[in-house]
Number of protein chains: 2
Amino acid sequence: MPRSRSSPHGKPDAPPAPALPMPAPAKKPRRTAQRILEVTLELFNRFGEPNVSTTLISAELGISPGNLYYHFPAKDELVNRLYDQYEAEALPLLQAADGVQHVEDAWFFFHTLFERIWTHRFLYRDLNDLLSKNRHLETRFQALLQHKARAMREVLHGLTRAAGRAPDPRDTAGTADAMVVVLTYWLSFEYVRDPRRALEPDHAGAALVRGAFHVMSLLMPHLEPAHKQHLLGLVDAYAAPPT
Amino acid sequence: MPRSRSSPHGKPDAPPAPALPMPAPAKKPRRTAQRILEVTLELFNRFGEPNVSTTLISAELGISPGNLYYHFPAKDELVNRLYDQYEAEALPLLQAADGVQHVEDAWFFFHTLFERIWTHRFLYRDLNDLLSKNRHLETRFQALLQHKARAMREVLHGLTRAAGRAPDPRDTAGTADAMVVVLTYWLSFEYVRDPRRALEPDHAGAALVRGAFHVMSLLMPHLEPAHKQHLLGLVDAYAAPPT
């Protein structure tokens, strides 16, 4: 399989048709829709959206194509619902940028943001291709980028003010946009550097720390020396292997 | 058509089968191969590599599929040859980073680099997808990223030393990698912000200036105030509409 070099027909973590220990109650349509979304997200993240067909999704779930069609009449509707989930989590988080005044706030802010990106990483893996085929994503993602850019400016201005300086928009506008680019494409960059392993679940921890660190490295010159040391300490603590 | 929303069957700039004003001399194989590469590059840039088939390429050239096959037995060989062209131009350019000591050198360095990226922009539009399917690109592109990272460190260190300071690797390593990300994904970011127009030829000039400026905005905090003003002046001069 192109992306992770393992077969999409291999077993994922969730078995397709679990043997229930007692007579199954009639499934609520809402619960089935939720289960479809969970399994689809896992398959998209693992193999890339272009490599996952609705046939594969229904086979993986152990349901008929007709049942899948009843809940989601097209693959794009699955993509859109998963995107909407992601957006619903990301937008309130981006609002939290307004409260960032200390380098430690910024560290947790970016780390949490990268966790959200990781859970829906299929969106970022084939971003241009997804947007070119899907009008809903095209318009929503552009709005999301604007929210991201606003959040980056807030963080940058908050930390600059905390360092006792007045933010200069001519200095910070370019940096804020560059931070959006690093935030948006960090996982793609990890993938290009190591396509066979970068997006596998056991690489998540290290990839998220590197992503947060690299976005924050653009803040570094705007920090006081004490805050800079504090940031480097946080990176070392997070990058250390768990004991 | 997904990417540029116009049909790949529309006429490109080069007409498929020009009426020659005089009897045509027998074509040299080498010239045909070169013409195939030129037309393929134009189609890849315009519609995205995944949306261009060898059938479309031979139709566009007005040659038989067999003739195309004689020169390039698979689409990947076209991709690889175009990548090799790009790499052959990019590597010597990246070496020039060693001589950057003034903000104006850096500006011309990044602007020229973005011009090279623009001429082979199809590589950057669907980078993850191309790498996942092509072992030659996967290995070569990783090496190219390492050359890019080295070049970014050289520029950063050169300008820091020119400002009379000693570069601190803990400060600059993260910035250099972030600069590679902005350099690599700037055109993707332009595309996501405006999928219908970003990669059309008449947007090249402005996109290249924005790309060079945003990579350099990461250098900004490392510059002396006079150099910073100089950079902002260059950006204004380049961003102004031609008279």
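In this predicted model, helix α9 of chain A (residues 169–193) and helix α9 of chain B (residues 169–193) approach each other, with their axes coming within 8 Å. The two axes cross at roughly 105°. That angle makes α9(A) roughly perpendicular to α9(B), because 65 to 115 degrees counts as roughly perpendicular.

The contact draws on matching positions in the two helices. From α9(A), the residues are Asp177(A), Ala178(A), Val180(A), Val181(A), Val182(A), Tyr185(A), Trp186(A), Ser188(A), Phe189(A), Val192(A) and Arg193(A). They meet Asp177(B), Ala178(B), Val180(B), Val181(B), Val182(B), Tyr185(B), Trp186(B), Ser188(B), Phe189(B), Val192(B) and Arg193(B) in α9(B). The residues of this contact divide into 16 nonpolar, 2 polar and 4 charged.

Thr175(A) also lies in helix α9 of chain A. Its relative accessible area is 2%, so Thr175(A) is buried. Residues up to four places away in sequence aside, Thr175(A) touches Leu156(A), Leu218(A) and His222(A). Thr175(A) also touches Ser217(B), a residue of chain B.

Aromatic pairing was examined next. Over all chains, a search of the whole structure finds 15 aromatic pairs. One of them joins Phe44(A) and Phe122(A), whose ring centres are 5.0 Å apart. Their planes stand at 50°, so the pair is tilted. Phe44(A) belongs to helix α1 (residues 29–47) of chain A, and Phe122(A) to helix α6 (residues 122–125) of chain A. The pair therefore ties together parts that are 78 residues apart in sequence. Phe44(A) has 0% relative accessibility and counts as buried. Phe122(A), at 1%, also counts as buried.

A further pair involves Tyr124(A) and Phe141(A), with ring centres 5.8 Å apart. Here the planes are at 65°, so the pair is edge-to-face. Tyr124(A) sits in helix α6 of chain A, whereas Phe141(A) sits in helix α8 (residues 135–162) of chain A. This pair therefore ties together parts that are 17 residues apart in sequence. Both Tyr124(A) and Phe141(A) are buried. Ring pairs link these two residues with Tyr83(A) and Tyr86(A) into a cluster.

Charges placed over rings occur in both chains. In chain A, Arg121(A) lies over the face of Trp118(A), 4.1 Å from the ring centre. In chain B, Arg121(B) lies over the face of Trp118(B), at 4.1 Å from the ring centre.

Methods:
Residues numbered from 1 in each chain as written. Chains lettered and ligands numbered in written order. Predicted model: local features only at pLDDT ≥ 70, side-chain atom pairs only at ≥ 80, totals over all residues. Heavy atoms only, no water. Phe/Tyr/Trp six-rings, centres within 6.5 Å; stacked < 30°, edge-to-face > 60°. Helix = DSSP H or I, 4+ residues; strand = E, 2+ residues; numbered from the N terminus. Buried < 20%, exposed > 50% of the residue type's maximum accessible area, 1.4 Å probe, protein only. Lys NZ or Arg CZ within 6 Å of the ring centre and 35° of its normal. Axes fitted to C-alpha atoms, helices over the stretch in contact; angles between N-to-C directions. Parallel < 35°, antiparallel > 145°, perpendicular 65-115°, else oblique. Contact = heavy atoms within 4.5 Å. Nonpolar A, V, L, I, M, F, W, Y, C, P; charged D, E, K, R; others polar.
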